[in-house]
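Please open the structure in your viewer and keep the selection panel at hand. The stops below follow one another, each with something to select and a short account of what is there.

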Amino acid sequence: MMLLEPMGINAMTLPNRVVVPAMVTRLSGEDGFVNDAVMERYVRYAEGQVGLIVVEATAVHTARSGPLLRLGERRFIPGHRELVRRVKAVSDSAIVPQIIHFLKIARSGWRQTIETLETAEIDAIVEAFGQAAARAREAGYDGVELHSAHAYTLSSFLSRLNRRRDEYGGRTLEGRLRLFGRVMARVRERVGSDFPVGVRFLADEAVKEGHTVEEAKWIALRFAQLGVDYISLSVGGKFEDAVRREGHPVYPYTGYSGDRCMPGAWYPDQPHAHYAAEVKAHLNAHGYTVPVVSVGKINDPEAAEALLREGKADLIGMARQLLTDPEWPRKVREGRGGEIVRCIYCNVCKKLDENFKQVTCFLWPSKAIQAPRARPGDEAPAWEEQDSLRGRATDGTVKLSWSPALGEVAGYDIYRVDGLGQPSIVEAVKVNRFNDRSVLGGVKYAYHIKAFDSVGRTSPPSNTVRLEPAIPDLG
Ligand SMILES: Cc1cc2nc3c(=O)[nH]c(=O)nc-3n(C[C@H](O)[C@H](O)[C@H](O)COP(=O)(O)O)c2cc1C
């Protein structure tokens, strides 16, 4: 598979093309030091054979925030060095931190904006990125990723909503690109030409009057001109449409742009794949081969492979899926794709992040703060009864229930075939019932379920229940 082939990016070699994009873990304290839980999180990705591990957003400065990793001072280096050492001890995964600058926000709803920044403050941001990148190199990382996405400082300068009126201003694309250009130049000066420097930015701001992929293509071209070593795309995640909660600092993923950033279960698969395809085609047409990371609800190995084969992406990013099951790449390599614990995009992880709570996965055993490990001797769940699954259609709902499977059961995947389609997982639950409220009268449905254990071993399919809900009588 192309997905599992190595790839060189500047001086680093990725063992394969699977990337875990940055995902805040909230496992550190507010002091921002790497601790054992943080290390364990990244070691699990390494053991799972992820090609490129991007460590969560790590602050380049010392401004207060909730639990967030930091590289704003030298005292943070040893923790990162130990993290890199532990990752390298178990794998050949490449590992880079995502470094971030953000402005102040208050519980009152007030937030500092880029329009208020003085030139000296902008100079300090440039310097802070340069120094943090140098510290990343000193800590032993394989490279560094500049966070120029979502609601944070670099992204706010790039935005079409940048209202500055000086040389960093929003009147021109060049003005908006100026800060990033300076940051990139300073980072290069500090880390040298052989240290990979990636960037994450928005293919689409997904807010009113924000930039779309039409401009993102040109922004990416400038990044390529500046010598960026890879480009990781994201979408949305802006303050402009965030929903205010009284007494809480505003969280930039609560509005529509937040939905777009972490598309939930109700979105189709791979809703953003076309962005990477367009950006990549644009770069290639201009003679650049900078690798582009596609991200957003990608979790099927065949679909990921197709994106690479069709030239729509160079690397495949999976955030929530790799949180759910960090063993994804290893399972695919070993032909055990059926044992992947499939992310259901319920966004419990996002909610935890929003509330500054340790980011875990709904599908893990309750209270676990890391993905469960296989226990020797455990066997896949099995059905005791032939006809475990029962179902009926009533009031626009299909009600399913079943007798529990035998063995260590972490949950049940609900498979549905609607009309003539292939079975797809519509939900995963931890209880013995499920109400499907998204059925349409007059359509034939077939359901079966599979029990899975905490490491993804599944039971055979249950019996199939076939139903055709009635078209409601409107008379
Ligand atoms: C809990 C959580 C934390 C995240 N933290 C970051 C972050 O620190 N930096 C970043 O660029 N994106 C962050 N993201 C966005 C993801 O990297 C990714 O772009 C998004 O989840 C969509 O990819 P997916 O569908 O594969 O999950 C975060 C997402 C989640 C769910």
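A polar contact, as the term is used here, is a pair of N or O atoms within 3.5 Å; within protein, one must be able to donate a hydrogen and the other to accept it, and residues adjacent in sequence count only if both atoms are side-chain atoms. The model is a predicted one, in which local features need pLDDT of at least 70 and side-chain atom pairs count only at pLDDT 80 or more, whereas totals for chains, interfaces and linings use all residues. Residues are numbered from 1 along each chain as its sequence is written, and side-chain values use heavy atoms, with hydrogens and water left out.

Begin by selecting Arg416, which sits in strand β14 (residues 411-418); helices (H or I, at least four residues) and strands (E, at least two) are DSSP runs, numbered from the N terminus. Arg416 is buried, with a relative accessible area of 10%, where buried means under 20% relative accessible area, exposed over 50%, and partly exposed in between (1.4 Å probe, protein chains only). Its side chain is joined to that of Ser438 by a polar contact of 3.3 Å. If you show the residues in contact (heavy atoms within 4.5 Å), those that Arg416 touches, not counting residues up to four places away in sequence, include Gln422, Asp436, Ser438, Tyr445 and Tyr447.

Add Asp418 to the selection, since the side chains of Asp418 and Arg416 meet in a salt bridge (3.1 Å, N to O); a salt bridge is a side-chain nitrogen of Lys or Arg within 4 Å of a carboxyl oxygen of Asp or Glu. Unlike the buried Arg416, Asp418 is partly exposed, at 33% relative accessible area.

The structure holds 38 salt bridges, and a few others deserve a stop. Select Arg373 and Glu40, whose side chains meet in a salt bridge of 3.4 Å, N to O. This pair links distant parts of the chain, 333 residues apart, with Arg373 in the loop between α12 (348-354) and β12 (389-394) and Glu40 in helix α1 (residues 36-47). Arg373 is partly exposed at 43%, and Glu40 is partly exposed at 26%.

Move next to helix α12, where Glu354 and Lys351 lie 3 residues apart, about one turn of the helix, and form a salt bridge whose closest N and O atoms are 3.4 Å apart. Glu354 counts as buried at 11% relative accessibility, while Lys351 counts as partly exposed at 46%. Then select Glu327, Arg330, Glu334, Arg336 and Glu339 together, which are linked in a network of salt bridges.

For the next stop, select Ser459, in the loop between β17 (445-452) and β18 (465-467). Ser459 is buried, with a relative accessible area of 3%, and its side chain makes a polar contact of 3.2 Å with that of Trp383.

Finally, select Phe223 and Ile231, which touch the most other members of the largest nonpolar core, a set of 100 residues; such a core consists of buried Ala, Val, Leu, Ile, Met, Phe, Trp, Tyr and Cys residues joined through side-chain atoms within 4.5 Å. Helix α3 (residues 119-138) gives the most to this core, with 8 residues. Domain 1 (2-354) and domain 2 (389-467) both contribute residues, so the core lies between them; the domain bounds come from an automatic or database domain assignment. Apart from this core lies another, of 17 residues, among them Phe434, Tyr445, Tyr447 and Val465.
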